[in-house]
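Thanks, everyone. Let me put the model up, and then we'll walk through how its helices pack.

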Amino acid sequence: MWNNDEERAESFLDEESEGLCSLSATQRLYASAACLLSGLVLMFLSFVVFAIPIKFALLFTFGNVLAVGSTAFLMGPEQQLQMMFDSVRIYATAVYIGFVVLALICALLIHSKILTLLAVICEICALVWYCLSYIPFARRIVSDLMVRFCDTEL
């Protein structure tokens with residue numbers, strides 16, 4: 001059982017990506033790490049300008065998208081999109097993308113600080129729910145905890 005998992009992990013990075021750009025496994029790891037690090041830096045910097053909600057939303061949202069997109073370097077954009085729009089996580093993906101777009105609209109077009117902050121808070125919640133979709137039974141456990149502690153169900 002463990003041997004099969006190890007082989008699958010090794011073949012995951014050894015496979016040549018098909019498409020416009022073919023990078024080696026090492027290059028993909030570096031690109032993924034750079035994208036993730038850039039995203040985390042932008043998210044960290046967003047808290048420096050927290051008092052200015054529009055700048056906060058822009059930095060946080062772009063950092064968020066960079067961090068989530070960093071895995072596309074490891075598995076390729078096509079497989080990333082297939083996994084994002086898999087039947088298990090299609091709704092979580094749609095809600096996450098919707099709140100990313102809403103946060104940008106509130107920040108760039110509407111210029112409403114309150115709506116921008118609400119959209120970013122919803123974006124964070126949607127990202128957590130989206131990330132939980134990759135962990136077996138995690139969303140069910142969180143939903144059960146919500147029922148137990150808040151007397152509500154997600």
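One term before we start: contact here means heavy atoms within 4.5 Å. Keep in mind, too, that this is a predicted model.

Overall picture. The protein has eight helices and zero strands. Along the sequence that reads α-α-α-α-α-α-α-α. There are 154 residues, and buried ones make up 28% of them. Now take the contacts with a separation of 6 or more. Of these, 55% come from residues 24 or more positions apart.

Next, the record. An unreviewed UniProt entry annotates "transmembrane region" at residues 29-50, 56-76, 88-110 and 116-138. I'll take two of those spans. Residues 29-50 are 91% helix and 0% strand in the model, with end C-alpha atoms 31 Å apart. For residues 88-110, the end C-alpha atoms lie 33 Å apart, and the span is again 91% helix and 0% strand.

On to the packing. Start with α2, residues 25-48, and α3, residues 53-69. How do they cross? Their axes come within 7 Å, at roughly 160 degrees. Over 145 counts as roughly antiparallel, so α2 and α3 are roughly antiparallel to each other. The crossing is left-handed.

Who meets whom? From α2 we have Cys35, Leu36, Ser38, Gly39, Leu42, Met43, Leu45, Ser46 and Phe47. They meet Phe56, Leu59, Phe60, Phe62, Gly63, Asn64, Leu66 and Ala67 of α3. By class, that contact has 12 nonpolar, five polar and no charged residues.

Stay on α2 for one more residue, Ser32. Is Ser32 buried or exposed? Its relative accessibility is 9%, so Ser32 counts as buried. Leaving out residues up to four places away in sequence, Ser32 touches Ser70, Thr71, Phe73 and Leu74.

Second pair: α6, residues 90-110, and α7, residues 113-132. The axes are 8 Å apart, and the packing angle is about 160 degrees. These two are therefore roughly antiparallel as well. Their crossing is left-handed.

The α6 side of this contact includes Tyr96, Phe99, Leu102, Cys106 and Ile110. Among the α7 partners are Leu115, Val120, Glu123, Leu127, Trp129 and Tyr130. The class count for α6 with α7 is 18 nonpolar, two polar and one charged.

To recap the two pairs. α2 with α3 is roughly antiparallel, with no charged residues in the contact. α6 with α7 is roughly antiparallel, with one charged residue in the contact. That's it from me.

Key: Residues are numbered from 1 along each chain as its sequence is written. This is a predicted model: local features need pLDDT of at least 70, side-chain atom pairs count only at pLDDT 80 or more; totals for chains, interfaces and linings use all residues. Side-chain values use heavy atoms; hydrogens and water are left out. Axes are lines fitted to C-alpha atoms, for helices over the stretch in contact, and angles run from 0 to 180 degrees between N-to-C directions. Helices (H or I, at least four residues) and strands (E, at least two) are DSSP runs, numbered from the N terminus. Angles under 35 degrees count as roughly parallel, over 145 as roughly antiparallel, 65 to 115 as roughly perpendicular and the rest as oblique. A crossing is left-handed if the near helix is turned anticlockwise from the far one by less than a right angle, and right-handed if clockwise. Ala, Val, Leu, Ile, Met, Phe, Trp, Tyr, Cys and Pro count as nonpolar, Asp, Glu, Lys and Arg as charged, and the others, Gly among them, as polar. UniProt positions are given in the numbering used here, feature names are shortened, and annotations may be inferred rather than shown by experiment. Buried means under 20% relative accessible area, exposed over 50%, partly exposed in between (1.4 Å probe, protein chains only).
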